Amino acid sequence: NKCKALREYSRELRTLAEDLLPEGEPKPNILAANEPTFLKEEKEIAQGKKGKAANPESEHLKNENAKLKTELQKMSITIEKMKTVKPKHDEGGLQSKILEELKALKENPKTITRPGTASAEVDALRKERNDLLEENRKLKQIIDQDASGSSIGGSVKQLKQRIFHLENAIRDLE
């Protein structure tokens with residue numbers, strides 16, 4: 001019984017190896033070699049002395065083929081059913097409109113930034129930060145001009161406070 005079980009196991013491994021072998025590749029020596037020699041009990045079965053099939057390997061292959069044929073028939077019936085089932089009414093090409101919109105969004109990722117989304121909020125914060133940096137730069141320029149002697153309305157102390165406020169706002173944004 002152990003020998004028979006080993007024989008069946010080796011047959012399954014051989015079948016699996018042949019199935020996994022890429023098409024067009026030559027078989028390895030172990031698969032290209034002839035079938036292993038029969039055991040005494042299998043010789044008797046092959047000769048018909050025990051009343052079973054003439055070749056256990058061919059019986060196995062016949063069973064596998066029968067299983068595959070039934071599976072193929074089930075799949076072809078399923079495919080035919082799928083072809084005959086009509087899709088639900090597409091209201092004004094709704095599905096096609098959605099597919100077109102998805103395609104457009106994939107092509108232009110900037111259109112994805114819509115109000116309320118994280119990327120839109122990040123863009124707004126960046127714009128505000130850039131505006132504050134620009135205003136800060138202008139105020140520093142005014143202070144430098146005021147310190148060099150030109151008189152522009154407003155005190156230096158107020159400008160410095162405004163710069164301090166803007167720098168804090170920038171830090172908060174970052």
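**Lysine 27 and glutamate 18.** I began with this pair in the predicted model, and I found that the side chains of lysine 27 and glutamate 18 meet in a salt bridge, with 3.8 Å from N to O. I then looked up how open each partner is: lysine 27 has 45% relative accessibility and so counts as partly exposed, while glutamate 18, at 31%, also counts as partly exposed. Following the contacts of this pair further, I noted that Arg14 belongs with Glu18 and Lys27 in a network of salt bridges. For the whole model I wrote down a count of six salt bridges.

**Helix 7, its length.** I turned next to helix 7, which covers residues 156–173 and has 18 residues. From its first C-alpha to its last the helix reaches 26 Å, and I noted that this is close to the 26 Å expected at 1.5 Å a residue.

**Helix 7, its two sides.** Which residues of helix 7 are buried? I listed Leu159, Ile163, Leu166 and Ile170. Looking down the axis of helix 7, I saw that these buried residues fall within an arc of 65°, so they line one face of the helix. On the face turned away from that buried side I found exposed residues, among them Lys157, Gln158, Lys160 and Gln161, and I also entered Phe164, Arg171 and Asp172 for that face.

**Arginine 162 and glutamate 135.** I then asked which residue forms a salt bridge with arginine 162. The partner is glutamate 135, and the closest N and O atoms of the two are 2.6 Å apart. Arginine 162 lies in helix 7 and glutamate 135 in helix 6, which spans residues 118–147, so the pair ties together parts that are 27 residues apart in sequence. For exposure I recorded 34% relative accessibility for arginine 162, which therefore counts as partly exposed, and 29% for glutamate 135, which likewise counts as partly exposed.

**Glutamate 167 and lysine 140.** My last entry concerns the salt bridge that glutamate 167 forms with lysine 140, where the closest N and O atoms are 3.8 Å apart. I noted that this pair links distant parts of the chain, since glutamate 167 sits in helix 7 and lysine 140 in helix 6, 27 residues apart. Glutamate 167, at 25% relative accessibility, counts as partly exposed, and lysine 140, at 41%, is also classed as partly exposed.

Conventions. Residues are numbered from 1 along each chain as its sequence is written. This is a predicted model: local features need pLDDT of at least 70, side-chain atom pairs count only at pLDDT 80 or more; totals for chains, interfaces and linings use all residues. Side-chain values use heavy atoms; hydrogens and water are left out. Helices (H or I, at least four residues) and strands (E, at least two) are DSSP runs, numbered from the N terminus. The expected span of a helix is 1.5 Å times one less than its number of residues. Buried means under 20% relative accessible area, exposed over 50%, partly exposed in between (1.4 Å probe, protein chains only). The arc is that of the directions from the helix axis to the C-beta atoms. A salt bridge is a side-chain nitrogen of Lys or Arg within 4 Å of a carboxyl oxygen of Asp or Glu.
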